[in-house]
2 protein chains.
Amino acid sequence: MDYSQMCPKYELAIELLGKKWTGLMIRVLLDGPKRFKEIKAQIPEMSDRILTERIKELEKLDVIKRNVYPEKPVRIEYELSEKGKALEPVIKAIQFWGEKWV
Amino acid sequence: MDYSQMCPKYELAIELLGKKWTGLMIRVLLDGPKRFKEIKAQIPEMSDRILTERIKELEKLDVIKRNVYPEKPVRIEYELSEKGKALEPVIKAIQFWGEKWV
């Protein structure tokens with residue numbers, strides 16, 4: 001790989017992933033579709049407001065999808081899109097590094 | 001891998017890596033030891049003050065090493081430690097994802 005010059009795609013990718021809470025949310029969603037409260041349960045320090053904001057951002061970026069099930073009461077779940085699921089090797093690499101070096 | 005609960009080591013790892021500029025600096029240093037100005041050359045938008053701050057943080061975390069060569073004028077280079085070099089799979093995974101999806 002050529003590390004001798006910066007790559008704009010890398011810059012954008014790390015900007016997305018490095019944003020506070022985003023890397024945690026993606027890890028949670030690798031476990032499968034989750035409701036708002038289920039995401040919160042794994043990241044309790046994140047406020048509802050910020051979680052709502054991040055969900056919207058990640059939907060816009062096509063990293064997560066919002067599924068609405070017309071039950072009573074309505075059930076809403078969030079899941080990783082194909083683009084989001086493709087982040088699994090990144091999340092795994094961070095996990096493995098963390099386990100060894102943190 | 002178990003995604004059903006958050007892992008504190010993962011949290012710390014992504015906090016380190018996700019901090020603004022850090023992920024770019026590590027990518028630059030994967031190219032080999034670099035002087036201050038050589039790091040800046042690949043990340044021109046980062047101020048000298050912030051680069052100095054980040055270098056100190058990453059030295060403290062044992063991610064980078066500072067080498068001083070007693071030449072005239074003194075030459076100072078920064079390079080990844082073993083812990084820092086171990087981040088290469090993470091950087092590569094981000095790069096590959098970026099190339100495909102950004």
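Contact, as the word is used here, means heavy atoms within 4.5 Å. The structure described is a predicted model, in which local features need pLDDT of at least 70 and side-chain atom pairs count only at pLDDT 80 or more, while totals for chains, interfaces and linings use all residues. Residues are numbered from 1 along each chain as its sequence is written, chains are lettered from A and ligands numbered from 1 in the order in which they are written, and side-chain values use heavy atoms, with hydrogens and water left out.

The relation between the two chains is taken up at the outset. In general, two copies of a chain are related by a rotation about an axis and a shift along it. When the copies are superposed by least squares on the C-alpha atoms of residues with pLDDT of at least 70 in both, chain B can be laid on chain A with an RMSD of 0.0 Å by a turn of 180° and a shift of 0.0 Å along the axis. That is the relation of a two-fold axis. Among the residues of chain B, G18(B) comes closest to this rotation axis, with its C-alpha at 1.8 Å. Of the interface residues of chain B, 100% are also interface residues in chain A, so the copies meet through the same surface.

Chain A has 6 helices and 2 strands, where helices (H or I, at least four residues) and strands (E, at least two) are DSSP runs numbered from the N terminus. From the N terminus on, these elements run in the order α-α-α-α-β-β-α-α. The C-alpha atoms of chain A fill a box of roughly 55 × 30 × 20 Å, taken along the principal axes. Buried residues, meaning those under 20% relative accessible area, as opposed to exposed ones over 50% and partly exposed ones in between (1.4 Å probe, protein chains only), make up 46% of the 102 residues in chain A.

Helix α6 takes part in the packing between the chains. In chain A this helix has 14 residues and reaches 20 Å from its first C-alpha to its last, close to the 20 Å expected at 1.5 Å a residue, the expected span being 1.5 Å times one less than the number of residues. The buried residues in α6(A) are V90(A), I91(A), A93(A), I94(A), Q95(A), W97(A) and G98(A), and they pack against α1 and α2 of chain A together with α1, α5 and α6 of chain B. Axes are lines fitted to C-alpha atoms, for helices over the stretch in contact, and angles run from 0 to 180 degrees between N-to-C directions; on this basis the axes of α6(A) and α6(B) come within 8 Å and cross at roughly 170°. That makes α6(A) roughly antiparallel to α6(B), since angles under 35 degrees count as roughly parallel, over 145 as roughly antiparallel, 65 to 115 as roughly perpendicular and the rest as oblique. The contact is made by P89(A), V90(A), A93(A), I94(A) and W97(A) on one side and by P89(B), V90(B), A93(B), I94(B) and W97(B) on the other.

A further crossing brings the axes of α6(A) and α1(B) within 8 Å at roughly 110°. That makes α6(A) roughly perpendicular to α1(B). Here I91(A), I94(A), Q95(A), W97(A), G98(A) and E99(A) meet K9(B), Y10(B), A13(B), I14(B), L16(B) and L17(B). Within α1(B), the buried residues are Y10(B), A13(B), I14(B), L16(B), L17(B) and G18(B).

The largest nonpolar core, a set of buried Ala, Val, Leu, Ile, Met, Phe, Trp, Tyr and Cys residues joined through side-chain atoms within 4.5 Å, has 64 residues, and those with the most contacts inside it are I43(A), I94(A), I39(B), I43(B) and I94(B). Apart from its neighbours within four places in sequence, I39(B) is in contact with M25(B), V28(B), L29(B), K34(B), M46(B), L51(B), I55(B) and Y78(B).

Several individual residues deserve separate mention. R54(A), which lies in helix α4 (residues 48–60) of chain A, is buried, with a relative accessible area of 7%. Leaving aside neighbours within four places in sequence, R54(A) is in contact with K19(A), K20(A), W21(A), T22(A) and M25(A). W21(A) is found in the loop between α1 and α2 of chain A and has a phi near 80°, a positive value in a residue other than glycine. In the loop between β1 and β2 of chain A, where P73(A) has its place, the peptide bond from K72(A) to P73(A) is cis, with omega near -5°.
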